[in-house]
Amino acid sequence: MPEVQTPTEATAHMLAEKIRTHRARVGIVGLGYVGLPLAVEFANAGFTVTGIDISEGKVERVNAGDSYVGDVPSATLAPLVESGKLRATTDFAAVAELDTINICVPTPLRKTKDPDMSYIVSSCQEIAKRFHPGTLVILESTTYPGTTDEVVLPMLSKPGLEVGRDFFLCFSPERVDPGNPKYQTVNIPKVVGGCTPACSEMGRLFYAQALEHVVPVSSTQVAEMVKLLENTFRMINIGLVNEIAMMCGRMGINVWEVIDAAATKPFGFMPFYPGPGLGGHCIPIDPFYLSWKTKQAGIEARFIELAGYINGQMPHFAVEKVQDALNDRGKPVKGSRIHIMGVAYKKDIDDLRESPALDVMLLLRRRGAIVSYSDPHVPSLKLDDFRADAMPESRAGEADCVVIVTDHSAFDYPGLLERSCLIVDTRNALKGFSSPKIVRL
Ligand SMILES: NC(=O)c1ccc[n+]([C@@H]2O[C@H](COP(=O)([O-])OP(=O)(O)OC[C@H]3O[C@@H](n4cnc5c(N)ncnc54)[C@H](O)[C@@H]3O)[C@@H](O)[C@H]2O)c1
């Protein structure tokens, strides 16, 4: 007698089979730094992928095979588009044709440091209207623990449709590290947790088709918390080392030498480095998702608040270094020409979001400095009423003081040292050079 399947098994079995045979039609909602690389990995693995984004400009560029994400070369994207494996659209009608949907939309903070869920909510509203039974939905946007079960699940729930039986819902934190040549979407282990064991298993199966290593966990809340632990760990350790840098500065000790020597300990120590402040879409923001949530449970996230405060002081600390260095040479900041090397929030990328360079420039301008910059990845920038085009780095030496804010690999550091009269180095980019022209953080 043929085996009779219950509806649960039949729906799960059909979706699992489509995933295993790479016939599942994959959808990625939000084609930014996270979504576009993910779309490319699944298309590379042989799936037919549809990207949905509200930005017409991005959709047009994807369909033209023209990448705007540093980690995705156009030479990789274009053949996938040409072969019909990857396409993009602004039209959520595409959801009706999809078997899997990954949500990779922004999760910023409001001015009050409360989570801004509006992007998740609006994309889920569109998905809820159109998805069919037998769909796997995975939220990847970083968010507070409970979002998938408390916000997304109620939006997708419909009479007669049961999660884990008729559709599948998971959370999987995105760990992409833009500009990292060693770890990219394909080889960063992927944590995934579902609303039910059947959801977790579907999520695991899905990622296992395109990514090298999948780490299933028991619930969506665990998966959500994993990301917040990772980023909070980083934020707090950076806060600690920033405070140590301020202490060392006061005591005349070279903090960089201290860290390098401490890092020779083969156990129990992990080096973090000070700098002009936190930047990007993750480390300065994600921990506040956690502190917002825990406040509701009556717990003050004191480590997070303290590290946030210290990290927020760093642009001021860097500017004071510049001011002291100029004063020592008999020059006031007011009227001095100050040239910033690197404005992206970290080395070798073009992302300006939350970049501490913007704060440093603003603070220097408020003190009356004439500010210019060089950055091979950022040709121009706008900052309040200040607009500037990047200057060739060969002209940095014309300034009264050069400030290395982002240590891009492309900069010619020996040349910079030779041409400049004073360099404040907030990243230890001039490690190994010794000169009275150099002032280190
Ligand atoms: N960038 C990173 O390094 C990184 C790393 C790990 C996690 N994350 C998290 O991943 C998520 C996405 O980040 P990102 O850096 O890719 O952001 P991004 O701004 O680069 O991309 C988000 C995309 O979503 C689109 N979008 C916005 N609202 C939409 C909607 N309603 N429907 C469809 N598309 C919509 C935007 O147009 C944009 O293209 C965030 O939660 C972020 O915290 C980012």
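Two strands count as paired if DSSP finds at least two bridges between them. Helices (H or I, at least four residues) and strands (E, at least two) are DSSP runs, numbered from the N terminus. The model is predicted: local features need pLDDT of at least 70, side-chain atom pairs count only at pLDDT 80 or more, and totals for chains, interfaces and linings use all residues. Residues are numbered from 1 along each chain as its sequence is written, and side-chain values use heavy atoms, with hydrogens and water left out.

**First stop: the parallel sheet**

Select residues 401-404 and 423-425: these are strand 13 and strand 14, which run parallel and are joined by 3 bridges. Within this pair, V402 has I423 of strand 14 as its bridge partner. Widen the selection to the open sheet of 5 strands, whose order is 10-9-13-14-15 with parallel pairing. Strand 10 (370-374) and strand 15 (438-440) stand at the edges with a single partner strand each, so one side of each has no neighbour in the sheet. From one strand to the next, the twist averages 20°.

Next, add helix 12 (residues 356-366), which lies across strand 9 (337-341) and strand 10 and runs at about 155° to strand 10. Such angles, from 0 to 180 degrees, are taken between N-to-C directions, with axes being lines fitted to C-alpha atoms, for helices over the stretch in contact; contact means heavy atoms within 4.5 Å.

**Second stop: the mixed sheet**

Turn to the open sheet of 8 strands, ordered 3-2-1-4-5-6-7-8 with mixed pairing. Its edge strands are strand 3 (86-89) and strand 8 (214-217), each pairing on one side only. Here the twist averages 25° from one strand to the next.

Select strand 6 (residues 168-171) and strand 7 (residues 190-194), an antiparallel pair with 2 bridges. In it, C170 stands opposite G194 of strand 7. Then show helix 2 (residues 35-44), which packs on the sheet and touches strand 1 (25-29), strand 2 (48-52), strand 3 and strand 4 (100-103). The direction of helix 2 makes about 170° with that of strand 1.

**Third stop: the ligand**

Select the ligand and the 28 residues that surround it (a heavy atom within 4 Å). The closest are V34, D53, K58, T107 and T142. Three distances to ligand oxygen atoms can be displayed:

- V34, from a backbone N or O atom: 2.9 Å
- D53, from a polar side-chain atom: 2.6 Å
- K58, from a polar side-chain atom: 2.8 Å

Finally, highlight helix 5 (residues 118-130), which supplies the largest share of the shell, 3 residues.

Conventions: Polar contact = N/O pair within 3.5 Å; in protein donor to acceptor, adjacent residues only side chain to side chain.
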